[in-house]
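This report reads one protein chain from its annotated region down to single residues. Please keep the sequence and the structure open while reading.

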Amino acid sequence: MTQRVLLVDGMALLFRHFYATSLHNQFMYNSKGMPTNGIQGFVRHIFTAIKDIKPSHVAICWDMGKATFRNAMYTSYKQNRPAPPEELIPQFDYVKDISEQFGFVNIGVANYEADDVIGTLAKIYSKDNEVHIVTGDRDILQCINEQVEVWLIRKGFNIYHHYTLNRFNEEYALHPLQLIDIKAFMGDSADGYPGVKGIGEKTAIKLIQSYGSVENVLDHIESLTPGQQKKIATDKENLILSKQLAEIYTDVPIDTTVLYKEMEYTHSLNHILSICNEHELYVSGKYLASKILM
């Protein structure tokens, strides 16, 4: 029987729920003076996803520091991001400890991003399983296939943009991997890589729909408008570099066979509520008991 794997971008959940409440200074300090607002949202969100997806296997994927192999390729990669707020910093390690107590597998690999870990696991596990990815990052859409769907966080704990292969094809008229080529032209201001100045999403999509890839656009550059030719010629090196940076690496060194066994997941309401009480996650415990784990 086909199993169902849930891969979660842990930082996406933590950051999202931290900022959702910190906006109103609701940091939810525990008796030790540690803020738990991001963790409270993380806990509620992960168990809501489990209720909706009903996975047999769960892994929470994490970034492992600011520098990755992409910084060796481009030193400015993600270096434009501000330092995290003081109230968020202690929640980074604390949320992983709590996640482990719940029975989730935490996984991160030095020198790689969480997206690379997710992409690697999705590629391997989708050969024999349904794979569901919960994230806030549209870049992961490039990992969609017939057995992989992406749930992009929109609002609250259970409202998503659900992307299957069919929806992606209908929306973009492209293969998911061609999203890499689109991002190469667009660049990414959040990740700090340039793309081609003056080419936005609409033009990038049209170019890839017409020519299929960055390389084929370059091979047929004389067919483009004079303006497009000039822009691409000016930023050709950035275009090629940006494609390398935009591509999620799907061969991260992970023992996926051992990990798969560790990811098997079942939960007990009493155990979960006990952990919530132990860490004074009372808001989360009340929410789970009344709405999620009945």
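The text below takes up the annotated region, two helix pairs and then a handful of individual residues.

The model is predicted. According to the UniProt record, an unreviewed entry, the annotation "domain: 5'-3' exonuclease" covers residues 3-263. Over residues 3-263 the chain is 46% helix and 13% strand, and the C-alpha atoms at the two ends of this stretch are 12 Å apart.

**Two helix pairs**

Helix H1, residues 10-22, and helix H2, residues 37-53, have axes that come within 7 Å and cross at roughly 125 degrees. That angle makes H1 oblique to H2, and the crossing of H1 past H2 is right-handed. On the H1 side the contact is made by Gly 10, Leu 13, Leu 14, His 17, Phe 18, Thr 21 and Ser 22, which meet Asn 37, Gly 38, Ile 39, Gly 41, Phe 42, His 45 and Ile 46 of H2. Sorted by class, the contact of H1 with H2 holds six nonpolar and eight polar residues, with no charged ones.

Helix H7, residues 179-186, packs against helix H8, residues 201-211, at an angle of about 135 degrees, and their axes are 9 Å apart. H7 is therefore oblique to H8, because angles count as roughly antiparallel when over 145 degrees and as roughly perpendicular from 65 to 115 degrees. The crossing of H7 and H8 is right-handed. From H7, the residues Asp 181, Ile 182, Phe 185 and Met 186 meet Glu 201, Ala 204, Ile 205, Leu 207 and Ile 208 of H8. The classes here are seven nonpolar and two charged residues, with no polar residue in the contact of H7 with H8.

**Two buried residues**

His 17, a residue of H1, is buried, with a relative accessible area of 7%. Leaving aside neighbours within four places in sequence, His 17 is in contact with Asn 37, Gly 38, Gly 41, Phe 42 and His 45, and also with Gly 156 and Phe 157.

Val 8 belongs to strand S1, residues 3-9, and is buried, with a relative accessible area of 1%. Not counting residues up to four places away in sequence, Val 8 touches Leu 13, Ile 46, Ala 59, Ile 60, Cys 61, Ile 118 and Val 134. Although Val 8 and Val 134 are 126 residues apart along the chain, their C-alpha atoms are separated by 4.9 Å.

**Partly exposed residues**

Asn 111 lies in the loop between strand S3, residues 105-107, and helix H5, residues 114-125. Its phi is near 80 degrees, a positive value in a residue other than glycine. Glu 280, found in the loop between helix H13, residues 269-278, and H14, likewise has a positive phi, of about 60 degrees, although it is not a glycine. Ala 289 lies within helix H14, residues 282-292, and its C-alpha atom is separated by 7.6 Å from that of Leu 273, which is 16 residues away along the chain.

The table gathers the accessibility of these residues.

| Residue | Relative accessible area | Class |
|---|---|---|
| Asn 111 | 39% | partly exposed |
| Glu 280 | 24% | partly exposed |
| Ala 289 | 31% | partly exposed |

Notes
Residues are numbered from 1 along each chain as its sequence is written. This is a predicted model: local features need pLDDT of at least 70, side-chain atom pairs count only at pLDDT 80 or more; totals for chains, interfaces and linings use all residues. Side-chain values use heavy atoms; hydrogens and water are left out. Axes are lines fitted to C-alpha atoms, for helices over the stretch in contact, and angles run from 0 to 180 degrees between N-to-C directions. Helices (H or I, at least four residues) and strands (E, at least two) are DSSP runs, numbered from the N terminus. Angles under 35 degrees count as roughly parallel, over 145 as roughly antiparallel, 65 to 115 as roughly perpendicular and the rest as oblique. A crossing is left-handed if the near helix is turned anticlockwise from the far one by less than a right angle, and right-handed if clockwise. Contact means heavy atoms within 4.5 Å. Ala, Val, Leu, Ile, Met, Phe, Trp, Tyr, Cys and Pro count as nonpolar, Asp, Glu, Lys and Arg as charged, and the others, Gly among them, as polar. Buried means under 20% relative accessible area, exposed over 50%, partly exposed in between (1.4 Å probe, protein chains only). UniProt positions are given in the numbering used here, feature names are shortened, and annotations may be inferred rather than shown by experiment.
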